[in-house]
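Here's a look at how a protein and DNA meet in one model. Take a moment with the picture first, then read on.

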There are 2 protein chains.
Amino acid sequence: MNDDAMDLRTRNKRATRDAISNAALRLAIEQGPSGLALVRVHDIASAAGVSPRTYNNYFSSREEAICALQADQAGRAGRALRARPAGEPLEQAVVAAMVELYTDPEPDRAGLRMIMSTPELEGEALKAFTMAEGPLAEAIAARTGADPERDLFPAVTAASVAGAIRVAGRHWLAPGNTDSFAAVLTRALSCVFPATHPS
Amino acid sequence: MNDDAMDLRTRNKRATRDAISNAALRLAIEQGPSGLALVRVHDIASAAGVSPRTYNNYFSSREEAICALQADQAGRAGRALRARPAGEPLEQAVVAAMVELYTDPEPDRAGLRMIMSTPELEGEALKAFTMAEGPLAEAIAARTGADPERDLFPAVTAASVAGAIRVAGRHWLAPGNTDSFAAVLTRALSCVFPATHPS
DNA sequence: CCACAAACTTGCGTGCCACGCATCAAGTGC
DNA sequence: GCACTTGATGCGTGGCACGCAAGTTTGTGG
């Protein structure tokens, strides 16, 4: 995962990929939610210093490029949960893992708002979130000892956690909100685990 | 909602819309998950007996057309919950409403499998599901008396319910499963409400 | 240090698609 | 029956995804 751990080829690939994704997100934010159609592939490619054909080697749609960072982050959810100490209760582990994952760094308000207020982008982000549910469910199953094949609890809980994160994002973006994302996220996740709630 | 309740124009519109959507889903199923790209707009339109331009007046992508039925059904979730008797406890009301919504009729295995095993379609279906969460959250808030603006419980629960329905669908489709969808759905939803679990 | 192989980037061409616009036909209210 | 509304269709335009075949950069063995 560290840059030094990969060879030059892989590092360059990641660099161009990130460049394209960042350029796409930046341009999308500039145009705003209603002007997504104005963000042309040509613009993204030239902003990233790459040819349109190369852009297409990495992403097969503008939505995918714009949401790539968000998608990558969501994809780390399973690993984040597994990184928690084994003895930790499920709720604590999930909350700690997700808070850690989504507060380093604090999400970018403009980017998140862009994605969550644009139907096409929301669909793409949702897809990324859902792809992350599988590993997350496996991590939950590993922690609770449940059989992922017969017991629905791990998968449902993973979906609920993903849903809570989305709700937290929406609420955090709401006008007049002053709480940190970590605080909102913790509150949202506490709604998922009422049975194990301490009080 | 009844055909007789609308004028001719509206009925025709719904008829062509349904025709296009059904044709799209049927053709998609014929080609299978891997051959989605082979389902051309021209084919959908001619199968539905309309011009390609008319297809485009109703849907702006093949994915949207294929998932339209699924989307319409999900959109009725909020109404279904509100239709439950007011005094009924939340869990019972949710389970009853969702079981009623999703067992009349029993979902089509081929269609559901097609949608859930094709990334592009899954994204579209996810978007539809998420659109339905808003009304569902409002219905939950109305039933529990929570303030949707300040309390995250209704939105998180709505997202969890939607997630549970997705998980139930996936599990129901799994090879070797013999349970009815209603049974799987009830099991999945019970994971969302552990606090009020009877046992 | 050098050549060779693997992999990435790029330009070009093709087929498909979304959508604006103008026109035609069907339905509706008076 | 007539003017009006609204949906259906044809046509043209701009844009996009992707296969293909160079050209270029990077990693490796001699």
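Which residue of chain A has a polar backbone atom 3.2 Å from a phosphate oxygen of DNA strand D? That's A:Val41. Such a pair is a polar contact, meaning a pair of N or O atoms within 3.5 Å; within protein, one must be able to donate a hydrogen and the other to accept it, and residues adjacent in sequence count only if both atoms are side-chain atoms.

Before going further, keep in mind that this is a predicted model, where local features need pLDDT of at least 70 and side-chain atom pairs count only at pLDDT 80 or more, while totals for chains, interfaces and linings use all residues. Residues are numbered from 1 along each chain as its sequence is written, chains are lettered from A and ligands numbered from 1 in the order in which they are written, and side-chain values use heavy atoms, with hydrogens and water left out.

Here are polar contacts to the two DNA strands.

| Residue and atom | DNA partner | Distance |
|---|---|---|
| A:Arg9, backbone N or O | phosphate oxygen, DNA strand D | 3.1 Å |
| A:Ser60, polar backbone atom | phosphate oxygen, DNA strand D | 3.0 Å |
| A:Arg9, side-chain N or O | base nitrogen, DNA strand C | 3.2 Å |
| A:Thr54, polar side-chain atom | phosphate oxygen, DNA strand C | 2.5 Å |
| B:Arg9, polar side-chain atom | base nitrogen, DNA strand C | 3.3 Å |

Now for DNA strand D as a whole. It's surrounded by 20 residues, and the closest are A:Leu8, A:Arg53, A:Asn56, B:Thr54 and B:Asn57. A residue is near a strand if one of its heavy atoms lies within 4 Å of it. Of the atoms of DNA strand D within 4 Å of the protein, 65% belong to sugar or phosphate, and bases make up the rest. Helix 3 of chain B gives the most to this surface, with 4 residues; helices here are DSSP runs (H or I, at least four residues), numbered from the N terminus.

DNA strand C also has 20 residues around it, with A:Thr54, A:Asn57, B:Arg9, B:Arg53 and B:Asn56 the closest. Sugar and phosphate account for 63% of its atoms that come within 4 Å of the protein. On this side, helix 3 of chain A supplies the largest share of the surface, 4 residues.

What classes of residue make up the surface near DNA strand C? There are 5 nonpolar, 7 polar and 8 charged residues. Ala, Val, Leu, Ile, Met, Phe, Trp, Tyr, Cys and Pro count as nonpolar, Asp, Glu, Lys and Arg as charged, and the others, Gly among them, as polar. The surface near DNA strand D likewise has 5 nonpolar, 7 polar and 8 charged residues.

Definitions and conventions. Helices (H or I, at least four residues) and strands (E, at least two) are DSSP runs, numbered from the N terminus.
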